[in-house]
Amino acid sequence: MAEKKSNTTPGTPRLHGEQSSTGTGTPPRSALAEAFQRTPIRRDSFDRPNGFPAFDSTPRRFSTGAHGIPMPAPQVFAAQLASEQRAQLDGAGCDGDGGNGSGGGGTAGSRNRGGITAREAEGLSAAINKFSFASTTPSFARLAALTSPCYFHKRFGDAVDIDRVLEEIKSDDHISHSRLMQTAASVREVSRQLQRRPLKRAVRNVMIITKARDNKLVELTNELTGWLLETPRYGRDVGVNVWVDSKLRKSRRFGLAKILEKDERYQDMLHFWAPALCLEQPELFDLVITLGGDGTVLFTSWLFQRIVPPVLAFSLGSLGFLTNFDFEQYKRQLNHTMGDSGMRINMRMRFTCTVYRSAASQLPNGSNNTAASSSASLSTTAANSPTTSGNSSSHHTADKIEGETHEVLNELVIDRGPSSYISSLDLYANDSLLTRISADGIILSTPTGSTAYSLSAGGSLVHPDIPAILLTPICPHTLSFRPMLLNDDMALKVSLPASGRGGAFVSFDGKGRVELGRGDEVVVRASAYPFPTVMG
């Protein structure tokens, strides 16, 4: 008679009542079998139909050392449960004299306050010793790493050490495709959780940005400033500190003297900001309020070239793609934002744009760019970025002079300027030649800027949450070159070839228009400093 095969997973202890595969009866129960019977084990993360892990919607955080430990066997669950039972046993106050009033530790069938017998306790201790893993990390961290199928725990922490995660992935030479797939899915889940999580912090310093020459907006700034100063918050009988544009210090419509007459404490609470303060101490402000349109929001991005505080934009201008709130409801909205519920933040992508001058470049009109040379630093392109075979040229090996750098929220535009000749531009993606552009110019737009100049030039609309770079040509002299969406991890470089007929001009969010000469380059990358806007 053929021997009956067992359906039990190798290494899994049989539960009480399960028949042996040989038909000889039920084996005696061990402490591990008792543990499996009492507590259900969650195994869906390790059951892999068709070789793929089971996904769930539980947020995860990165582990500490999972790359150095193989995938856990079923006995790992027993070790985890044994550790928990041992902790429960030690916490129950079990001693050697007390078990049910008998000498020694009591009989084998007697149970202590922890709920297990002395024999089971011995079995649990043996299981712990058997599955004690040699490691320099704490036992809790080892156990968490063993029970995690990838680089994430089941719980979502307050922060993610991305450098540690990248180091783990880099050092894991034998990562499987299933682990890589689940890690990527978990990273997207972390991003979604961060977007949904409200930011709860005390707003004690509020900055107001408005148009100092608009009389109506100056009057509204006066109204908002007075309300913020006098509304009690955070256990005080006064409001928060307010920072106003220094141009309004002597404005009669703003009425500084009348505001300070209401309460003498306002003199220490009302301050005036200047662009230098935004550049040097951006962390001073807890919230930025803009009164105007989209141009005022772009000006805010221009002020904060690195860290940007959360921006709450009221719609008081001609365009309102970036302004979500009605000023007539400002009291209700600010009470909600500065209250216990907190504020939801949308991290809008920005570009870091850097101009590199060719060491031998001459602008078409023969002038020298003093703004670029005054703050220039010499950098060798060949040393910083390897060239791709077949795409090397003289300007790849020449020294470059690093010029100005700007953080861009909407778009970077390179156009031919007043020249009557068509622009010839070389576009590189990660140092590989992508295409040669013959057009009036190109637009490199963020998803936020897809509703601006890029849309007028025939570009696509892109949702702000999509991490992408939108490339839109301006009047291209070809039938095949059309708008493209590129990955945000690309480093794009636009250079003017030495054989080009003329120069070009580059502008950053409509500001800082700079002339480019032959051999000059503009490098565009996704910025490490996004633009946080308060969501409704």
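The exercises below work through the fold, cores, strands, pocket and backbone of one predicted model.

Residues are numbered from 1 along each chain as its sequence is written, and side-chain values use heavy atoms, with hydrogens and water left out. Because the model is predicted, local features need pLDDT of at least 70 and side-chain atom pairs count only at pLDDT 80 or more, while totals for chains, interfaces and linings use all residues.

**Exercise 1. Describe the protein chain as a whole.**

Step 1. Count the elements, taking helices (H or I, at least four residues) and strands (E, at least two) as DSSP runs numbered from the N terminus. The protein chain has 15 helices and 22 strands.

Step 2. Find the buried share, where buried means under 20% relative accessible area, exposed over 50% and partly exposed in between (1.4 Å probe, protein chains only). Of the 536 residues in the protein chain, 43% are buried.

Step 3. Look at the contacts (heavy atoms within 4.5 Å). Among those in the protein chain with a separation of 6 or more, 71% join residues 24 or more positions apart.

**Exercise 2. Locate the largest nonpolar core and state which elements build it.**

Step 1. A nonpolar core is a set of buried Ala, Val, Leu, Ile, Met, Phe, Trp, Tyr and Cys residues joined through side-chain atoms within 4.5 Å. The largest one has 35 residues, and Leu 224, Leu 228, Phe 254, Leu 287, Ile 289, Phe 314 and Leu 334 have the most contacts inside it.

Step 2. Elements that each supply at least two residues of this core include strand 3 (205-210), strand 6 (287-292), strand 7 (311-315) and helix 11 (330-337). Helix 7 (215-230) is also on that list, and helix 7 gives the most, seven residues.

Step 3. Take Ile 289 as an example. Leaving out residues up to four places away in sequence, Ile 289 touches Val 206, Met 207, Ile 208, Ile 209, Leu 224, Leu 228, Leu 312, Phe 314 and Leu 334.

Step 4. Apart from the largest core lies another, of 28 residues, among them Ile 437, Leu 444, Leu 486 and Leu 516.

**Exercise 3. Show how strands 9 and 15 are covered, and name their partners.**

Step 1. Strand 9 (residues 351-358) is largely enclosed by the rest of the structure, because eight of its eight residues are buried. Phe 351, Cys 353, Val 355 and Arg 357 lie on one side, with Thr 352, Thr 354, Tyr 356 and Ser 358 on the other.

Step 2. Two strands pair if DSSP finds at least two bridges between them. Strand 9 pairs with strand 11 (residues 399-408) in the antiparallel sense over seven bridges, and Arg 357 stands opposite Ile 401. Strand 21 (residues 521-526) is joined to strand 9 by six bridges, again antiparallel, with Val 524 as the bridge partner of Cys 353.

Step 3. Strand 15 (residues 441-445) has five of its five residues buried. Gly 441, Ile 443 and Ser 445 point one way, and Ile 442 and Leu 444 the other way.

Step 4. Strand 15 runs antiparallel to strand 12 (residues 411-415), with five bridges, one partner pair being Val 413 and Ile 443. Five bridges also pair strand 15 with strand 16 (residues 468-474) in the antiparallel sense; here Leu 444 has Leu 471 as its bridge partner.

**Exercise 4. Examine Asn 346 and its contacts.**

Step 1. Asn 346 lies in strand 8. Asn 346 counts as buried because its relative accessibility is 8%.

Step 2. Not counting residues up to four places away in sequence, Asn 346 touches Gln 195, Pro 464, Asp 465, Phe 531, Pro 532, Thr 533 and Met 535.

**Exercise 5. Find two non-glycine residues with positive phi and place them.**

Step 1. Most residues other than glycine have a negative phi.

Step 2. Asp 431 has a positive phi, near 70°, and lies in the loop between strand 13 (423-429) and strand 14 (432-439). With a relative accessible area of 18%, Asp 431 is buried.

Step 3. Asp 509 has a positive phi of about 55°. Asp 509 is in the loop between strand 19 (504-508) and strand 20 (511-516), and is buried at 7% relative accessibility.
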